[in-house]
Amino acid sequence: MVQTPTSPENKTLLIELPKTIGLLVTQEQFAAIAAANRDLRLERTAQGELIVNPPTGWETGERNRSLTGQLDRWYEENEDLGKAFDSSTGFILPNGATRSPDASWVSRERWQALTPEQKGTFANICPDFVVELRSSSDTLKSLQDKMREYIDNGAKLGWLLDPQHRRVEIYRPGKDVEVFENPAELSGEAVLPGFVLNLRRVWN
């Protein structure tokens, strides 16, 4: 949806864009749009297409709160290892896409290697660890494509959580996707040592 600027002389007009038409923006334009629409969760593909993600429903919001809450508790005890981020954080990946995982973490070594310019509003880095939590409006394929994009751009561990089917897909570089049906918990492995996600709290 595109909204025209308002002025005393005109009223706001809304334009509905068909799904077959993509709205292409540069990184600079994307940053300006994101700054003017802080309540929206925006992403940009590597080809420059603007993606506007709708607000989540209460079930997804509750699940994401549990996810980020558990990651945050681990982070507070291991903050010397890196930085954790919630779903409102955008990252500019090496391929030029701007993505916002539902939860993510960047190692201290990689974060400190960034210049102030690279950190900017959207840090120029792909997180080491990413999580995507499927909502009712997400297609599984679109999230699977996004997970592969994270891995191709430097992520070391990725979790795709599908609460609708209580299914988890684990992504690692150079390895086949590992699929689990209704697991009770997930390990952060060597990427997030000691982190264990209690999935019962996420599913319920």
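Visitor: Hi! Is Lys156 buried, partly exposed or exposed?
Guide: Hello! This is a predicted model, and in it Lys156 counts as partly exposed, at 43% relative accessibility.

Visitor: Which residue does the Lys156 side chain pair with?
Guide: Its partner is Asp128, in a salt bridge of 3.4 Å, N to O. Asp128 is buried, with a relative accessible area of 1%.

Visitor: Where do those two sit along the chain?
Guide: Asp128 lies in the loop between helix H4 (116-119) and S9, and Lys156 in the loop between H5 and S10, so the salt bridge ties together parts that are 28 residues apart in sequence.

Visitor: OK, how many salt bridges are there?
Guide: The count comes to 14 salt bridges. One of them joins the side chains of Asp102 and Arg41, at 3.0 Å, N to O. Asp102 is in the loop between strand S7 (98-99) and S8 while Arg41 is in strand S3 (residues 41-44), so this pair ties together parts 61 residues apart in sequence.

Visitor: And what about Glu43 and Lys146?
Guide: Their side chains meet in a salt bridge too, at 2.9 Å, N to O. Glu43 belongs to strand S3 and Lys146 to helix H5 (residues 140-152), so the pair ties together parts 103 residues apart in sequence. Both Glu43 and Lys146 are buried.

Visitor: Which residues are linked with them in a network?
Guide: Arg99, Glu132 and Glu149 are linked with Glu43 and Lys146 in a network of salt bridges.

Visitor: New topic: how many residues are in the largest nonpolar core?
Guide: That core has 22 residues, and those with the most contacts inside it include Phe129, Trp159 and Leu161. Among the elements that give two or more residues to this core are H2, strand S9 (129-133) and strand S10 (157-162). H2 gives the most, with 4 residues.

Visitor: Why would nonpolar side chains be buried together?
Guide: In soluble globular proteins, that is a general tendency of nonpolar side chains.

Visitor: What about the surface, where is there a patch of negative charge?
Guide: Asp72, Glu76, Glu77, Glu79 and Asp80 gather in one on the surface. Asp80 lies in the loop between helix H2 (58-77) and strand S5 (82-86), and Asp80 is exposed, with a relative accessible area of 51%.

Visitor: Last one: what is the phi of Arg166?
Guide: Arg166 has a positive phi of about 50°, although it is not a glycine. Most residues other than glycine have a negative phi. Arg166 is found in the loop between S10 and S11.

Methods. Residues numbered from 1 in each chain as written. Predicted model: local features only at pLDDT ≥ 70, side-chain atom pairs only at ≥ 80, totals over all residues. Heavy atoms only, no water. Patch = residues over 30% accessible without salt bridge, like charges linked within 9 Å, V, L, I, M, F, W, Y side chains within 5 Å. Areas by Shrake-Rupley, 256 points an atom, 1.4 Å probe, with all protein chains shown as cover. Salt bridge = Lys/Arg side-chain N within 4 Å of Asp/Glu carboxyl O. Lys, Arg positive; Asp, Glu negative; His and termini not counted. Charge placed at Lys NZ, Arg CZ, Asp CG, Glu CD. Buried < 20%, exposed > 50% of the residue type's maximum accessible area, 1.4 Å probe, protein only. Core = buried A, V, L, I, M, F, W, Y, C linked by side-chain atoms within 4.5 Å.
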